[in-house]
Amino acid sequence: MIFNSKKKHTNSLYNTLLQISRNILFYEKFKFKDTFDTRLLLIFFHFSIILNIFKYKHKKTFDQDTYDSIFNNIEYDLREQGMGDVNVNKKMKMFNRYFYDILLKINHKNNENFEFNNEILNKYFKSLNLNLNENLEEIGVYFNTFHKFCFDLDPESIIRGDINYNN
């Protein structure tokens with residue numbers, strides 16, 4: 001066989017997370033700068049919440065193909081911006097560190113009672129020169145509400161990107 005036929009990746013969860021990260025609420029109400037890095041951090045926060053739900057509610061690991069697809073899409077987006085291999089690799093290494101830091105610290109409690117960690121939010125958005133002090137509590141409420149919404153969803157619908165969250 002000449003070509004290796006791997007399982008087809010789906011972009012639907014990535015596209016859903018991207019759409020959520022473009023919610024006008026972040027840019028008008030919370031005054032976030034509409035940049036690639038801002039959208040990526042928002043994707044990481046939302047995706048970390050989803051992974052938290054899989055760990056504590058569904059007691060199972062997240063679909064590796066979908067996980068890989070999300071990070072492949074981020075890499076493709078960097079390449080579309082005209083970055084070369086060296087810069088893409090540096091950025092992806094940095095983004096992976098950010099993601100795992102967010103994932104490990106997103107929940108104030110290490111149990112099923114999710115409570116969004118506003119300190120981690122402040123840490124990453126401060127790096128983008130955003131002062132979240134006036135909106136920090138409201139943003140935390142947004143993410144707690146997102147968690148509650150996704151907590152009630154079927155795990156397969158989450159993997160398919162069927163997250164119709166409007167807040």
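This text walks through the nonpolar core and the aromatic pairs of a predicted model.

The largest nonpolar core holds 52 residues. Among its members, Phe44, Phe45, Phe47, Ile74 and Ile163 touch the most others. Eight helices each give two or more residues to this core: α1 (12–21), α2 (24–29), α3 (36–56), α4 (64–80), α5 (85–105), α6 (118–126), α7 (136–151) and α8 (155–159). Helix α3 supplies the largest share, 13 residues.

Phe44 shows what such contacts look like for one residue. Leaving aside residues up to four places away in sequence, Phe44 touches Phe71, Ile74, Phe95, Tyr98, Phe99 and Ile102. Of these partners, Ile74 is also one of the core residues that touch the most other members.

Aromatic side chains can be followed in their own right, since the structure holds 27 aromatic pairs. In one of them, the ring centres of Phe45 and Phe125 are 5.8 Å apart and the planes meet at 20°; the pair is therefore stacked, as planes under 30 degrees apart count as such. Phe45 belongs to helix α3 and Phe125 to helix α6, so this pair ties together parts that lie 80 residues apart in sequence. Phe45 counts as buried because its relative accessibility is 0%, and Phe125 is buried with a relative accessible area of 0%.

A second pair has another geometry. The rings of Tyr142 and Phe143 have centres 5.0 Å apart and planes at 80°, so they are edge-to-face. Both residues, Tyr142 and Phe143, are buried.

These two pairs come together in one aromatic cluster, whose members include Phe45, Phe125, Tyr142 and Phe143. Phe26, Tyr27, Phe30, Phe32, Phe116, Phe146, Phe149 and Tyr165 also belong to that cluster.

Conventions:
Residues numbered from 1 in each chain as written. Predicted model: local features only at pLDDT ≥ 70, side-chain atom pairs only at ≥ 80, totals over all residues. Heavy atoms only, no water. Core = buried A, V, L, I, M, F, W, Y, C linked by side-chain atoms within 4.5 Å. Buried < 20%, exposed > 50% of the residue type's maximum accessible area, 1.4 Å probe, protein only. Helix = DSSP H or I, 4+ residues; strand = E, 2+ residues; numbered from the N terminus. Contact = heavy atoms within 4.5 Å. Phe/Tyr/Trp six-rings, centres within 6.5 Å; stacked < 30°, edge-to-face > 60°.
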